[in-house]
Amino acid sequence: MKCFSFTASRDWSYKYTFSNAGLKSVITNLGEGTTMHCWIPKTVKPSKPNLLLIHGFGANAMWQWGNYLRPFIPRFNVYIPDLLFFGESYTSHLERTEHFQAQCLKKLMESFEVQRLSFVGVSYGGFVGYSLASQYPDTIEKVVLCCSGVCLEEKDMKDGLFKVSDLDEAASILLPQTPDKLRTLVKMSFVKPAAAKAVPSYFLRDFIEVMCTHYIEEKRDLIQNILKDRQCSNLPRITQPTLIVWGEEDQVFPLELGYRLKRHIGDNAELVVIKNAGHAVNLEKSKEFLKYLKAFLIDNNA
């Protein structure tokens, strides 16, 4: 009988860290069967700008943004939500698009009386953020997109742009249900995943049981909807100042998609390529990633 979970313990530790940093956990009923969980400031300071941190596929928002509290909380009112079907966020609505996720985020921010904000979106979070910026241009001030294949097209899968051959294989890796699949995900996400092979299967199974067994079918639908009928020519052009950050050796969304996104947005976008980094550049090269975020979000915020 298992009596201790390293993953659950780590999750609890993150909750303590977030609370100690001046955030509180709030679950908001948005109506029509939708509730969203978000970490919000215990005390909102109107003099500060607002910053939304949008996670990608992974455990939950805490695991992706835990290292970014100390630099940003003194300068921003920071909001860190769990997207639908992650953490404690859920909807009975049948739509699974990033556009619906963005609409729910907008309602969530309105419930906190946030009218203007900038955001950082990682991977899938960038898809949601891009939709937020295009649907609500008067709400979004600055945009940061990290390793987010927003400009991918349905034909890219058939053309062999990705390491995986089809969406089923992609889903089996992004939603790992075995230690081997989790090791594959780590290998594809990091340039030097040295620790992945050394971690005993017991710990990997524990992580999967705690973090990867909820809303599997709904998350598969999210993945399907990213690619379905997608054409870059149909993607709206956002007009906000945009920073695009990419790991040079990204095996999930290849760097070509970063260049494609820069061309699509045009002069309003700057592309930064971080060497010796993969898809999880925000975790693998957190200091370098943070340097570019601060320069864009804070130093240029004159």
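The exercises below deal with aromatic pairs, one helix, one cavity and backbone angles in a predicted model.

**Exercise 1. Classify the ring pair Tyr14 and Trp63, and state which elements the pair connects.**

Solution.
- Step 1. The ring centres of Tyr14 and Trp63 are 5.4 Å apart, and the cut-off for a pair is 6.5 Å.
- Step 2. The two planes stand at 55 degrees, so the pair of Tyr14 and Trp63 is tilted. Edge-to-face would need an angle over 60 degrees.
- Step 3. Tyr14 belongs to helix H1 (residues 6-20) and Trp63 to helix H2 (residues 61-65), so the pair links parts that are 49 residues apart in sequence.
- Step 4. Tyr14 has 12% relative accessibility and therefore counts as buried.

**Exercise 2. Do the same for Tyr68 and Phe289, and state whether the two residues are buried or exposed.**

Solution.
- Step 1. Here the ring centres of Tyr68 and Phe289 lie 5.8 Å apart, and because the planes are at 85 degrees the pair is edge-to-face.
- Step 2. Tyr68 is in the loop between H2 and helix H3 (69-72), while Phe289 is in helix H14 (residues 286-299), so this pair ties together parts 221 residues apart in sequence.
- Step 3. Tyr68 and Phe289 are both buried.
- Step 4. For the wider count, the model has 17 aromatic pairs. One aromatic cluster is made up of Phe6, Tyr202 and Phe203.

**Exercise 3. Find which rings have the charged end of Lys106 or Lys291 over them.**

Solution.
- Step 1. Lys106 has its charged end over the ring of Tyr136, at 5.1 Å from the ring centre.
- Step 2. Lys291 lies over the face of Tyr292, and the distance to the ring centre is 4.9 Å.
- Step 3. Both distances can be set against the cut-off, which is within 6 Å of the ring centre.

**Exercise 4. Check the span of helix H4 (residues 98-111) against the expected value, then list its buried residues.**

Solution.
- Step 1. H4 has 14 residues, and the expected span is 1.5 Å times one less than the number of residues.
- Step 2. This gives 20 Å, and the end C-alpha atoms of H4 are 20 Å apart, so the two values agree.
- Step 3. The buried residues of H4 are Glu98, Phe100, Gln101, Ala102, Cys104, Leu105, Lys106, Leu108 and Met109.
- Step 4. After H4 comes Glu113, with a positive phi near 60 degrees.

**Exercise 5. How many cavities of 30 Å³ or more are there, and what lines the largest cavity?**

Solution.
- Step 1. The count is one cavity of 30 Å³ or more.
- Step 2. The largest cavity holds about 50 Å³ of space.
- Step 3. Its lining consists of Leu30, Gly31, Glu32, Thr34, Phe100, Cys104 and Lys107.
- Step 4. Strand S1 (23-31) and H4 are the elements that give two or more residues to this lining. H4 gives the most, with three residues.
- Step 5. Sorted by class, the lining has three nonpolar, two polar and two charged residues.

**Exercise 6. Locate Cys147 and Asp229, and decide for each whether the residue is buried or exposed.**

Solution.
- Step 1. Cys147 is not a glycine, yet has a positive phi of about 50 degrees.
- Step 2. Cys147 sits in the loop between strand S7 (140-146) and helix H6 (154-158). Its relative accessibility is 0%, so Cys147 counts as buried.
- Step 3. Asp229, also a residue other than glycine, has a positive phi near 55 degrees.
- Step 4. Asp229 sits in the loop between helix H11 (216-227) and strand S8 (242-247). At 56% relative accessibility, Asp229 counts as exposed, because exposed means over 50%.

Key
Residues are numbered from 1 along each chain as its sequence is written. This is a predicted model: local features need pLDDT of at least 70, side-chain atom pairs count only at pLDDT 80 or more; totals for chains, interfaces and linings use all residues. Side-chain values use heavy atoms; hydrogens and water are left out. Rings of Phe, Tyr and Trp (its six-membered ring) pair if their centres lie within 6.5 Å; planes under 30 degrees apart count as stacked, over 60 as edge-to-face and the rest as tilted. Helices (H or I, at least four residues) and strands (E, at least two) are DSSP runs, numbered from the N terminus. Buried means under 20% relative accessible area, exposed over 50%, partly exposed in between (1.4 Å probe, protein chains only). A charge sits over a ring if NZ of Lys or CZ of Arg is within 6 Å of the ring centre and within 35 degrees of the ring normal. On a 1 Å grid over the protein atoms alone, a cavity is a set of points where a 1.4 Å probe fits but cannot get out, and a pocket is an open set with protein on both sides within 12 Å along at least five of seven lines; lining residues have an atom within 4 Å of a point. Grid points are joined across faces, edges and corners, and a volume is the space filled by probe spheres set on the points. Ala, Val, Leu, Ile, Met, Phe, Trp, Tyr, Cys and Pro count as nonpolar, Asp, Glu, Lys and Arg as charged, and the others, Gly among them, as polar.
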